[in-house]
Amino acid sequence: MGILVSILVGAVAGWLADLVFKRFSFSLFAEILLGIAGGFVGGWIFGRDGSILDQILTAFVGAVIILGIAALIKGARRTT
């Protein structure tokens, strides 16, 4: 059950983060992976575990951080 919840939370958080960064367009699988990775990053930063909504928010913030770093790296590659 924990894996299924992580996938669901990751999918929602990855989709929301993809909406924020509209220039990136990922597949559903990539969004799920991004959201799960964002959950780890957000959990590491905030260090809390709570309701589903709290987990989605934490994963969303982590996914936005990951996408922001990717945008910086991609932007840095364009200029050089």
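In which helix is Gly10 found? The points below take up this residue after the model itself.

1. Model and conventions. This is a predicted model, in which local features need pLDDT of at least 70 and side-chain atom pairs count only at pLDDT 80 or more, while totals for chains, interfaces and linings use all residues. Residues are numbered from 1 along each chain as its sequence is written, and side-chain values use heavy atoms, with hydrogens and water left out.

2. Confidence. The protein chain has a mean pLDDT of 75, and 79% of its residues reach 70 or more; pLDDT is the predictor's confidence in each residue, from 0 to 100. Among the elements, helix H1 (residues 2-20) has the highest mean, 78, and H3 the lowest, 76. Where pLDDT is low, the predicted coordinates should not be read in detail.

3. Secondary structure. The chain holds three helices and zero strands, in the order α-α-α along the sequence. Helices (H or I, at least four residues) and strands (E, at least two) are DSSP runs, numbered from the N terminus. H1, with 19 residues, reaches 27 Å from its first C-alpha to its last, close to the 27 Å expected at 1.5 Å a residue; the expected span is 1.5 Å times one less than the number of residues.

4. Record annotation. An unreviewed UniProt entry lists residues 6-21, 28-46 and 52-73 under "transmembrane region". UniProt positions are given in the numbering used here, feature names are shortened, and annotations may be inferred rather than shown by experiment. In the model, residues 6-21 are 94% helix and 0% strand, with end C-alpha atoms 22 Å apart. Residues 52-73 are 100% helix and 0% strand, and their end C-alpha atoms lie 31 Å apart.

5. Burial and surface. Of the 80 residues in the chain, 29% are buried, where buried means under 20% relative accessible area, exposed over 50%, and partly exposed in between (1.4 Å probe, protein chains only). The chain exposes about 5,300 Å², of which carbon and sulfur atoms supply 74%; accessible areas come from the Shrake-Rupley method with a 1.4 Å probe, and for residues only the protein chains shown count as cover.

6. Nonpolar core. Ala17, Phe21, Leu34, Ala63, Leu67 and Ala71 form the largest nonpolar core. Helix H3 (residues 52-79) gives the most to this core, with three residues. Such a core is a set of buried Ala, Val, Leu, Ile, Met, Phe, Trp, Tyr and Cys residues joined through side-chain atoms within 4.5 Å.

7. Gly10 and Ala13. Gly10 is found in helix H1, and Ala13 lies in H1 as well. The buried residues of H1 are Val9, Gly10, Ala11, Ala13, Gly14, Ala17 and Asp18. Gly10 counts as buried because its relative accessible area is 1%; Ala13 does so at 0%. Leaving aside neighbours within four places in sequence, Gly10 is in contact (heavy atoms within 4.5 Å) with Glu31, Ile32, Gly35 and Ile36. On the same basis, Ala13 is in contact with Gly35, Ile56, Ala59, Phe60 and Ala63. Ala13 and Phe60, 47 residues apart in sequence, are 4.4 Å apart in space, C-alpha to C-alpha.

8. Phe46. This residue lies in helix H2 (residues 28-46). Phe46 is partly exposed, with a relative accessible area of 37%. Beyond its neighbours within four places in sequence, Phe46 is in contact with Thr58 and Val61.

9. Contact range. Among contacts in the chain with a separation of 6 or more, 64% join residues 24 or more positions apart.
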